[in-house]
Amino acid sequence: MNNKGLSILEVLVAMIVLSIGLLGVAPMVVMSSKSNSISRDTTVASKLAREKIEYYESLDSLPSVPFESSERADNTYNISVNIQNNSTDVNIPIGLYEINVTINWQDAANLSRSTSYSTYLRKGAIHEYNEEQFRIYIN
């Protein structure tokens, strides 16, 4: 036996060990790719919702309530907006509007995905609250 190099058997065993190791890593690569796709879609949905909420924040007055609208963005995402105030939902403090934005889409695996965002805006006249009214809304 020559000690100057590797035998063919040693090379074959090394290749088998390396192949088994690479086969173990392959599912992680596929899973990483799917996770990146889901992450990208969720980031785009978050951006669309933020833009929609900022649009309503920039208006001098909001549409009459209850308000609902629906539109499609990037030919993938369905954006639904719902605006309510105390006249439509008594749980909303007087003088505030609740804006709910829901984004729906189909992911690369054709699964339905959805995310919702909600915020309160103050528009119009400022109402004075006594301590009892304020306590009701924060409890």
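Trainee: Before we start, what does "partly exposed" mean, and how does R50 fit in this predicted model?

Mentor: Buried means under 20% relative accessible area and exposed means over 50%, with partly exposed in between. This model is predicted, and in it R50 has a relative accessibility of 46%. That value lies between the two cut-offs, so R50 counts as partly exposed.

Trainee: Which residue does R50 meet in a salt bridge?

Mentor: Look along helix α1 for a residue about one helical turn from R50, four residues apart. The partner is partly exposed, with a relative accessible area of 41%. The two side chains meet at 4.0 Å, N to O, and the partner is E54.

Trainee: What is the N to O distance between K47 and E51?

Mentor: K47 and E51 are four residues apart in helix α1, which means they are separated by about one helical turn. K47 is partly exposed at 39%, and E51 is partly exposed at 36%. Their side chains meet in a salt bridge, with an N to O distance of 3.0 Å.

Trainee: Is K52 buried or exposed?

Mentor: K52 forms a salt bridge with E71 (2.8 Å, N to O). This pair links distant parts of the chain, with K52 in helix α1 and E71 in strand β1, 19 residues apart. E71 is partly exposed at 37%. K52 has a relative accessible area of 14%, under the 20% cut-off, so K52 is buried.

Trainee: How many salt bridges does a search of the whole structure find?

Mentor: We have met K47 with E51, E54 with R50 and K52 with E71. These are among the salt bridges found in the whole structure, which number five.

Notes. Residues numbered from 1 in each chain as written. Predicted model: local features only at pLDDT ≥ 70, side-chain atom pairs only at ≥ 80, totals over all residues. Heavy atoms only, no water. Helix = DSSP H or I, 4+ residues; strand = E, 2+ residues; numbered from the N terminus. Buried < 20%, exposed > 50% of the residue type's maximum accessible area, 1.4 Å probe, protein only.
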